[in-house]
Amino acid sequence: MNRLSRVAAVIGVGHSDWVGDWARVRAGERPDDNYGYGASAFRNALADAGIDRSRINGLIVGPTTAYERMAEVLNLNVRWGDQADAVLSVIQAVTAIESGLADVVALVYGNDQRSVGTQYGGPQAMGGDMFLSYVYHAPWGMTSQGALYALMFRRFCELYGVTERDLGHVAVAQREGSSRNPNAIMRKTISIEDYMAAPYIVEPLRLFDYCLINDGGVALILAEANLARRLSGRPVFVEAVGRYDLNQGATSLEPRLTEFYRPAQQAVAEQIFGASGLDRKDIDVLQVYDSFSVHVPLALEGYGYCGIGESGKFMRESGIGLAGALPTNTGGGHLSESYMQGWNHQIECVRQVRGECGDRQVPDCRRVHYCSDVAGKAVSIIYGA
Amino acid sequence: MMLQNSATPARVLGLYDEPFWKRLKQDGRLSLQCCRHCSTWRYPPGPVCQSCLSPDYDWKPVSGHGEILSWIVFHRSYLPEYSSPYNVVAVRLDEGPTMISNLVEEPPPGSVIGRRVALQPVEMDDGVTLPRFRLLD
Ligand SMILES: [Zn+2]
């Protein structure tokens, strides 16, 4: 049994007005800063949880904001706190709850990346000082994170016969979900033909393989399991968590180019499935961190939802759309809903398990698997009713 | 689709990077750190051997030969020095390490994965010698 299984549950989720702010930013306005977006998401999560702010005794803020300032803005004096990305913040909250450091933890993320022009490629690439591969190869014109995934996908296609057209199923499926999601920025469905007709950005990746860049915030509130049952009529439990890193040769992209990050995903799969008593057949929805569409076929194979080299066939024939064998990124993900660096996926997991996704709801959804395979680590969370 | 030879985007020049560029410029050969203790090659340059953690190394020339692991074509320009389209390749050197670089020629139609390549040092107009590669067969 995974020791962190059902130790904590999500009792509240919220986000800022992604759609409205997208329009405002495109009109040249700056609706909010990082802290403002985080605060509006937090306000919504608090209302969703139906608890008083004073009940919160733990806080984790995303990497885009300073811990002390966010806590000041939200006026939270807590007994435990930290700063972490989306997937690690959930795991750290569960860990803190398990060890008794806190029993109600708020997770708050805000990002004004669009209105301030954060660059994820080029000379000022975000994270260049933290992730050497983002900047090290600039003398050869190699920049932009999409290019790293393009390089990986080209080799993946060569080895397994997966095609660019197969990859198009990711963008098409996620637009199906986002077209039925009032919170999604991109609402228009697309066909495989539309996908193929779009221009290359870094060949073999096309426009629709890339995530959005937009402003916004996301917040979640987690509580200790028994407390969660008392505080909430619909707690969504963290059923299992797992992590494994592949760092050897990371700057030269070795873990991605030679093994497509698969050994890390397989190690995580053992942690979240074998040990938890759950298996892939128990998963109703998959959520994948999708800075680029390529993450999806690699996750399908790495986590064992299909065989090695079979993701193209799986997406084509079994399907990852709402009516497919494994509905994936049902809200539209980073490609079409909102680019909240994995945070929006967490609340889509919760909403699918709660059954409140309206036209995009996957029937009888009991468990959702979230995975992210970026920046030196493969991590997964299973959420369940 | 001509590769530009005029200006080099800013290089990462940490404590261990200088000799890599200096040696290439001096003798036209690619040199990497080689562990004095266990002979493991190191790239990008760094403080210790990844195999044995020894801090002792020598800069030694490598063959400059390798194999293409993957390649891409940029259709968007992210850096002022590079206007699209242009190619980027990942080359596994025969000595082990993988380098990101460019093919000096237009990539031929079809796939170049698995093709053998050799080092082609390019004198940039800004004075930097840039290690690129050419197809061998
Ligand atoms: Zn050594």
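# Close-up views of side-chain contacts in a predicted two-chain model

**Figure 1. A network of salt bridges links Asp48(A), Arg234(A), Arg354(A) and Glu356(A)**. The structure shown here and in the views that follow is a predicted model. Over all chains, the count of salt bridges comes to 29, and the four residues in this view are joined to one another by bridges of this kind.

**Figure 2. Salt bridges join Asp17(A) to Arg24(A) and Asp282(A) to Lys281(A)**. In the first pair, the side chains of Asp17(A) and Arg24(A) meet with a distance of 3.0 Å from N to O. Asp17(A) has a relative accessibility of 40% and is therefore classed as partly exposed, and Arg24(A), with a value of 31%, is likewise counted as partly exposed. In the second pair, the side chains of Asp282(A) and Lys281(A) meet at 3.9 Å, again taken from N to O, and Lys281(A) is exposed, its relative accessible area being 69%.

**Figure 3. A salt bridge between chains joins Glu254(A) and Arg92(B)**. The two side chains meet at 2.6 Å, N to O, and the pair crosses from helix H9 of chain A (residues 254-257), which holds Glu254(A), to strand S5 of chain B (residues 86-93), which holds Arg92(B). On the side of chain A, Glu254(A) counts as buried at 14% relative accessibility, whereas Arg92(B) counts as partly exposed at 26%.

**Figure 4. Asp215(A) is buried yet has no salt bridge**. This residue is placed in the loop between strand S6 (205-206) and strand S7 (216-224) of chain A. The nearest side chain of opposite charge belongs to Arg30(A) and is 6.1 Å away, a separation to be read against the 4 Å limit within which a salt bridge is counted. Polar partners are nevertheless present, for the side chain of Asp215(A) reaches the backbone nitrogen of Arg114(A) at 2.8 Å, and a polar contact of 2.6 Å joins the side chain of Asp215(A) to that of Ser115(A). When neighbours within four places in sequence are left aside, the residues in contact with Asp215(A) include Trp18(A), Val25(A), Tyr37(A), Asn111(A), Asp112(A), Gln113(A) and Met340(A).

**Figure 5. The rings of Tyr109(A) and Trp343(A) form a stacked pair**. A search of the whole structure finds 16 aromatic pairs over all chains. In the pair shown here, the ring centres are 5.2 Å apart and the planes lie at 10 degrees, so the arrangement is classed as stacked. The pair links distant parts of the chain, with Tyr109(A) in strand S4 (residues 104-111) and Trp343(A) in helix H14 (residues 343-354) of chain A, 234 residues apart. Both partners are listed as buried, Tyr109(A) with a relative accessible area of 0% and Trp343(A) with one of 1%.

**Figure 6. The rings of Phe273(A) and Tyr305(A) meet edge-to-face**. Their centres are 6.3 Å apart and their planes lie at 85 degrees, so the pair is classed as edge-to-face. Phe273(A) belongs to helix H10 (residues 262-274) of chain A, and Tyr305(A), 32 residues apart from it, lies in the loop between helix H11 (295-302) and helix H12 (311-318) of chain A. Both residues of the pair are buried.

**Figure 7. Ring pairs and arginine side chains over aromatic faces**. Tyr136(A), Trp140(A), Phe20(B), Trp21(B) and Tyr43(B) are linked by ring pairs into a cluster. Arg154(A) lies over the face of Trp71(B), at 3.6 Å from the ring centre, and Arg256(A) lies over the face of Tyr261(A), at 4.7 Å from the ring centre.

**Figure 8. Pro44(B) is in contact with residues of chain A**. Pro44(B) is placed in the loop between strand S2 (41-42) and strand S3 (57-61) of chain B, and at 13% relative accessibility this proline counts as buried. Apart from neighbours within four places in sequence, its contacts are Leu132(A), Tyr136(A), Thr251(A) and Ser252(A). One of these, Tyr136(A), also belongs to the aromatic cluster of the preceding view.

**Figure 9. Val94(A) is buried in helix H4 of chain A**. The helix spans residues 86-98, and the relative accessible area of Val94(A) is 0%. With neighbours within four places in sequence left aside, Val94(A) is in contact with Leu4(A), Val7(A), Ala8(A), Leu222(A) and Val238(A).

Notes
Residues are numbered from 1 along each chain as its sequence is written. Chains are lettered from A and ligands numbered from 1 in the order in which they are written. This is a predicted model: local features need pLDDT of at least 70, side-chain atom pairs count only at pLDDT 80 or more; totals for chains, interfaces and linings use all residues. Side-chain values use heavy atoms; hydrogens and water are left out. Rings of Phe, Tyr and Trp (its six-membered ring) pair if their centres lie within 6.5 Å; planes under 30 degrees apart count as stacked, over 60 as edge-to-face and the rest as tilted. Helices (H or I, at least four residues) and strands (E, at least two) are DSSP runs, numbered from the N terminus. Buried means under 20% relative accessible area, exposed over 50%, partly exposed in between (1.4 Å probe, protein chains only). A charge sits over a ring if NZ of Lys or CZ of Arg is within 6 Å of the ring centre and within 35 degrees of the ring normal. Lys and Arg count as positive and Asp and Glu as negative; His and the chain ends are not counted. A polar contact is a pair of N or O atoms within 3.5 Å; within protein, one must be able to donate a hydrogen and the other to accept it, and residues adjacent in sequence count only if both atoms are side-chain atoms. Contact means heavy atoms within 4.5 Å.
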